[in-house]
Amino acid sequence: MTRRDRVLAALSFNFLLDEIANGIGGLDPLDALLVLAINQANIAPLTRDPEARARYGDMDAPAPDDERRAVSINAVAASLGLAFETTRRRVRRLTACQVCQVSPEGVVAPASFLVSPAYVASVLQGHARLRRFYFELSAAGLLETLPPP
């Protein structure tokens with residue numbers, strides 16, 4: 001392993017540990033991963049629509065629940081390589097905590113959770129840590145300058 005690989009591995013590992021410790025909205029890591037996967041599936045059609053991205057691009061303006069596409073628990077389990085029963089049980093618990101909503105169409109991460117103070121604080125903290133990771137990699141000479149937006 002080269003010196004570059006060791007530095008990259010150390011910085012990446014520290015970033016990963018910090019992100020896991022930070023969590024998302026006070027959830028344990030597996031529940032946070034489930035909510036992220038559910039939310040991504042819910043908004044996937046909207047991310048392809050420039051007008052929807054403009055409407056719902058701010059942290060305080062997530063897509064309303066009725067514009068989110070529900071996703072089946074089976075699809076979430078398969079996408080993460082988790083057992084269906086584990087996913088179903090955890091989604092049921094997340095629903096009881098009002099982090100998810102389940103209907104016959106599937107599961108949704110509701111806008112009410114995505115604007116909650118705990119979720120917003122964790123997203124802002126995660127963003128700050130990602131910026132720090134970028135600057136650490138850059139200072140170590142591991143990144144080239146990004147092109148202008």
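The following paragraphs go through helix α2, the largest pocket and three individual residues of a predicted model. Residues are numbered from 1 along each chain as its sequence is written, and side-chain values use heavy atoms, with hydrogens and water left out. Local features need pLDDT of at least 70 and side-chain atom pairs count only at pLDDT 80 or more, while totals for chains, interfaces and linings use all residues.

Helices are DSSP runs of H or I with at least four residues, strands are runs of E with at least two, and both are numbered from the N terminus. Helix α2 covers 29-47. At its start, a side-chain oxygen of Asp 28 comes to within 3.1 Å of the backbone nitrogen of Leu 30. Further along, α2 bends by about 35 degrees at Ala 41 (the angle between axes fitted to the seven residues ending there and the seven starting there), and Pro 45 follows within four residues. Buried residues of α2 include Leu 34, Ile 38, Asn 39, Ala 41 and Asn 42; buried means under 20% relative accessible area, exposed over 50%, and partly exposed in between, with a 1.4 Å probe and protein chains only. The buried residues of α2 pack against α3, α4, α5, β2 and α6.

Helix α2 also takes part in the largest pocket, giving 6 residues, the largest share of its lining. On a 1 Å grid over the protein atoms alone, a pocket is an open set of points where a 1.4 Å probe fits, with protein on both sides within 12 Å along at least five of seven lines, and lining residues have an atom within 4 Å of a point. The volume of the largest pocket, the space filled by probe spheres set on the points, is about 470 Å³. Its lining has 19 residues, with Asn 39, Ile 43, Tyr 56, Pro 62 and Tyr 119 nearest the centre.

Asn 39 leads on to Arg 68, which lies in the loop between α3 and α4. The side chains of Arg 68 and Asn 39 are joined by a polar contact of 2.6 Å; the term stands for a pair of N or O atoms within 3.5 Å, one able to donate a hydrogen and the other to accept it, and residues adjacent in sequence count only if both atoms are side-chain atoms. Arg 68 counts as buried because its relative accessible area is 8%.

Two serines belong to helix α7: Ser 122 and Ser 138. Ser 122 is buried, at 8% relative accessibility, whereas Ser 138 is partly exposed, at 32%.

Methods: Contact = heavy atoms within 4.5 Å.
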